[in-house]
Amino acid sequence: MAAQSTSDYYKENPIAAAKRRKQQAKYNKTDKGKKLIANAQKLRAKLKIPKGSKMDAAHWPNSTTKGRAQHRSINRKSRLKSRTA
């Protein structure tokens, strides 16, 4: 059986998706959440990635100031590889 992606799980479970969105909204208001968002915005500006682009600012490991532009689907898949390995 193939591993199910997170997005597939939340599409099939709207109650769980609503719970996650509520929790994520609360987390984004914390100091840590605001700091993560600010770092991501700074890196996107530094890399000159326009809003609405299909590119993400991929961070180098253990760095908040270095990164590279990377297609969002590849960048978001990379976290899955590190969790399963």
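Me: What is the mean pLDDT of the protein chain in this predicted model, and what share of its residues reach 70 or more?
Reply: The coordinates come from a predicted model, and confidence varies along the chain, with the lowest mean, 69, in helix 4 (residues 72-84) and the highest, 96, in helix 2 (residues 14-28). Where pLDDT is low, the predicted coordinates should not be read in detail. For the protein chain, 85% of the residues reach 70 or more, and the mean pLDDT is 84.

Me: Which pattern of helices and strands does the protein chain follow along the sequence?
Reply: The secondary structure of the protein chain consists of four helices and two strands. Taken in sequence order, these elements give the pattern α-α-α-β-β-α.

Me: What percentage of the residues of the protein chain count as buried?
Reply: The accessible surface of the protein chain comes to about 7500 Å², with 57% of that area belonging to carbon and sulfur atoms. Among contacts between residues at least 6 apart in sequence, those joining residues at least 24 apart make up 3%. Of the 85 residues in the protein chain, the share that counts as buried is 14%.

Me: Is the pair formed by the rings of Y9 and Y10 stacked or edge-to-face?
Reply: The count of aromatic pairs comes to one. In that pair the ring centres of Y9 and Y10 lie 5.2 Å apart and the planes meet at 70°, and because planes over 60 degrees apart fall in that class, the arrangement is edge-to-face. As for accessibility, Y9 is partly exposed at a relative accessible area of 36%, and Y10 is partly exposed at 24%. The name for the pair of Y9 and Y10 is therefore edge-to-face.

Me: Is K48 buried or exposed, given its relative accessibility?
Reply: K48 is placed in the loop between helix 3 and strand 1, and its phi is near 60°, a positive value in a residue other than glycine. The relative accessibility of K48 is 72%, and because the class begins over 50%, K48 counts as exposed.

Me: Which backbone nitrogen does the side chain of S53 reach?
Reply: S53 lies in the loop between helix 3 (31-46) and strand 1 (55-59). In space, the C-alpha of S53 is 9.0 Å from that of R72, although 19 residues separate the two in sequence. The side chain of S53 reaches, at 3.1 Å, the backbone nitrogen of M55.

Me: Which residues does T65 contact, leaving aside its neighbours within four places in sequence?
Reply: T65 is found in the loop between strand 1 and strand 2. Its C-alpha atom is separated by 9.0 Å from that of K46, a residue 19 places away along the chain. With the neighbours within four places left aside, the residues in contact with T65 are L43 and K46.

Me: How far apart in space are R68 and K46, C-alpha to C-alpha?
Reply: R68 lies in strand 2 and is partly exposed, with a relative accessible area of 33%. Leaving aside neighbours within four places in sequence, R68 is in contact with L47, D56, A57, A58, H59 and W60, a list that does not include K46. R68 and K46 are 22 residues apart in sequence, and their C-alpha atoms are separated in space by 9.7 Å.

Me: Is Q70 buried or exposed, given its relative accessibility?
Reply: Q70 is found in strand 2 (residues 67-71). Not counting residues up to four places away in sequence, Q70 touches K54, M55, D56, A58 and N75. The relative accessibility of Q70 is 17%, and because the limit is under 20%, Q70 counts as buried.

Terms used: Residues numbered from 1 in each chain as written. Predicted model: local features only at pLDDT ≥ 70, side-chain atom pairs only at ≥ 80, totals over all residues. Heavy atoms only, no water. pLDDT = per-residue confidence, 0-100. Polar contact = N/O pair within 3.5 Å; in protein donor to acceptor, adjacent residues only side chain to side chain. Phe/Tyr/Trp six-rings, centres within 6.5 Å; stacked < 30°, edge-to-face > 60°. Buried < 20%, exposed > 50% of the residue type's maximum accessible area, 1.4 Å probe, protein only. Contact = heavy atoms within 4.5 Å. Areas by Shrake-Rupley, 256 points an atom, 1.4 Å probe, with all protein chains shown as cover.
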